[in-house]
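User: I would like to go through this model and ask, term by term, what each label rests on. Please set the values against the definitions.

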Amino acid sequence: MSITILGIESSCDDTSAAIIKDGVILSNVISSQKVHEQYGGVVPELASRAHQQNIIPTVDTAIKNAGISIDDISAVAFTRGPGLLGSLLVGTSFAKGFALAHNLPLIEVNHLQGHVLALFAKQSTDDNNQPDFPFICLLVSGGNSQLIVVHSPLDMEVVGTTIDDAAGEAFDKCGKVMGLPYPSGPIIDKMAKEGNPKAISFAKPHIDGYNYSFSGLKTSFLYHIRDQRKLNPDYVEQNLPDLCASLQSTVIDILLYKLKKLVNDTGIKQVGVAGGVSANSGLRQALLDYGQTNGLKIFIPKLSFTTDNAAMIATTGYYKYQARQFTGYDVAPLARMDIK
């Protein structure tokens, strides 16, 4: 019997719905919110309001694009957390109402677990480029930088995490100082291709274990800009490519230093990367180079699966459906939620 999952993602500022059948994606619809760009970051109240406006047409489009009817759906998977509580509440409430109206089981999904399992999102039955277990996943996004040992789709061990800022936050906060629009990560990535990554030296942290820290880099970057602007008010505009290249190179060095340590300590030869920052071209190439040099197999998600999307939620829901891991209708969203 076929398993068809409706996935709903609403953890931040993108409303997304997807349909997968027996692990293969039939549709993945994302409705983005442009209203936050003028504020330099996501405004939670505006995000919640936009989710309310977008969720019904987004789900309807996903079902139509998949070429199925509601009667074909086996279960509804939704993001319970972590994320913005108001945004999560919209998705959770809709999922409960939809499931209750159509007598369908509910499946709660951890947003971070979904990012990891985006590596298993299949676009066809012939798509078999997925890692074997166990593998190491570097999860990097706007709010998270984690190293995870993945033992199975539903058994993940977080061995390292950020103790302050995440990699994505470092890009956005430093980008704001340079006058770049939000989100700054894609712009920094583009500008970095024109600059010298060794032009400027920024501070790197010395943190025990596999944990990350980016606050020192951020502070080093801010002080550098402040001091240089005292000498030359047009410093940023005149040196933007080099600033972006040096910043990006430093972030990548920090991420890969701890990843390499974990690979060496565990002997695991398969490595995946996930999350919004995994779209960064410099990071993707650095991982491929590292894998080629050290005999590792590297798994990088398609660009469409790096940002917040419901395909990863539906994929996670598919594995949880097989394990009969359902949740009750009294479930509530959680702003903070750890991978278990």
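**What the labels rest on**

Analyst: The model is predicted. One open sheet has five strands in the order 3-2-1-4-5, and its pairing is mixed. Strand 3 (24–32) and strand 5 are at the edges, each with a single partner strand, so one side of each has no neighbour in the sheet. Neighbouring strands here are turned by 20 degrees against each other on average, direction ignored.

User: How do you know that strand 1 and strand 4 pair?

Analyst: Pairing needs at least two bridges between two strands. Four bridges join strand 1 (residues 4–9) to strand 4 (residues 75–81), and the two run parallel. The definition is therefore met. One bridge puts isoleucine 8 with phenylalanine 78 of strand 4.

User: What makes helix 1 and helix 9 lie across this sheet?

Analyst: Contact means heavy atoms within 4.5 Å. Helix 1 (residues 44–66) lies across strand 1, strand 2 (14–21) and strand 3. Helix 1 runs at about 25 degrees to strand 2. Helix 9 (residues 310–322) lies across strand 1, strand 2, strand 3, strand 4 and strand 5. The angle of helix 9 to strand 1 is about 135 degrees.

User: What is the order of the sheet that contains strand 8 and strand 10, and which strands are its edges?

Analyst: The order is 8-7-6-9-10, an open sheet of five strands with mixed pairing. Strand 8 and strand 10 (297–299) are the edge strands, as each pairs on one side only. Neighbouring strands are turned by 25 degrees against each other on average, direction ignored.

User: Why is the pairing of this sheet called mixed?

Analyst: Strands of a sheet can pair either parallel or antiparallel. Strand 6 and strand 9 (residues 270–274) pair in the parallel sense over four bridges. Strand 7 (residues 145–152) and strand 8 (residues 155–161) run antiparallel, joined by six bridges. Both senses occur, and the pairing is mixed. Leucine 138 stands opposite valine 273 in strand 9. Isoleucine 148 stands opposite valine 158 in strand 8. A hairpin of two residues links strand 7 to strand 8.

User: Which helices pack on the strands around strand 6 and strand 9?

Analyst: Helix 7 (residues 235–266) packs on the sheet and touches strand 6, strand 7, strand 8 and strand 9. The direction of helix 7 makes about 165 degrees with that of strand 6. Helix 8 (residues 281–294) also packs on the sheet, touching strand 6, strand 9 and strand 10. The direction of helix 8 makes about 160 degrees with that of strand 10.

User: How do you know that the chain agrees with a compact globule?

Analyst: The rule is 2.2 Å times the number of residues to the power 0.38. For 340 residues a compact globule would have a radius of gyration near 20 Å, and the chain has 20 Å, so the value agrees. The C-alpha atoms fill a box of roughly 65 × 45 × 30 Å along the principal axes. The chain has nine helices and ten strands.

User: What makes some of the backbone values worth listing?

Analyst: Most peptide bonds are trans, and most residues other than glycine have a negative phi. Phenylalanine 133 and proline 134 are joined by a cis peptide bond, with omega about -5 degrees. Proline 134 sits in the loop between helix 3 (111–117) and strand 6 (135–140). The bond from tyrosine 182 to proline 183 is cis too, with omega near -5 degrees. Proline 183 is in the loop between helix 4 (167–177) and helix 5 (185–192). Aspartate 22 has a positive phi, near 55 degrees, and is not glycine. Aspartate 22 lies in the loop between strand 2 and strand 3.

User: What makes a residue part of the lining of the second largest pocket, and which residues qualify?

Analyst: A lining residue has an atom within 4 Å of a pocket point. Those that qualify are Glu108, Val109, Asn110, Gln113, Leu154, Lys320, Gln325, Met337, Asp338, Ile339 and Lys340. Strand 5 (residues 106–110) gives the largest share, three residues. By class, the lining has four nonpolar, three polar and four charged residues. The volume of this pocket is about 230 Å³.

How values were computed. Residues are numbered from 1 along each chain as its sequence is written. This is a predicted model: local features need pLDDT of at least 70, side-chain atom pairs count only at pLDDT 80 or more; totals for chains, interfaces and linings use all residues. Side-chain values use heavy atoms; hydrogens and water are left out. On a 1 Å grid over the protein atoms alone, a cavity is a set of points where a 1.4 Å probe fits but cannot get out, and a pocket is an open set with protein on both sides within 12 Å along at least five of seven lines; lining residues have an atom within 4 Å of a point. Grid points are joined across faces, edges and corners, and a volume is the space filled by probe spheres set on the points. Ala, Val, Leu, Ile, Met, Phe, Trp, Tyr, Cys and Pro count as nonpolar, Asp, Glu, Lys and Arg as charged, and the others, Gly among them, as polar. Axes are lines fitted to C-alpha atoms, for helices over the stretch in contact, and angles run from 0 to 180 degrees between N-to-C directions.
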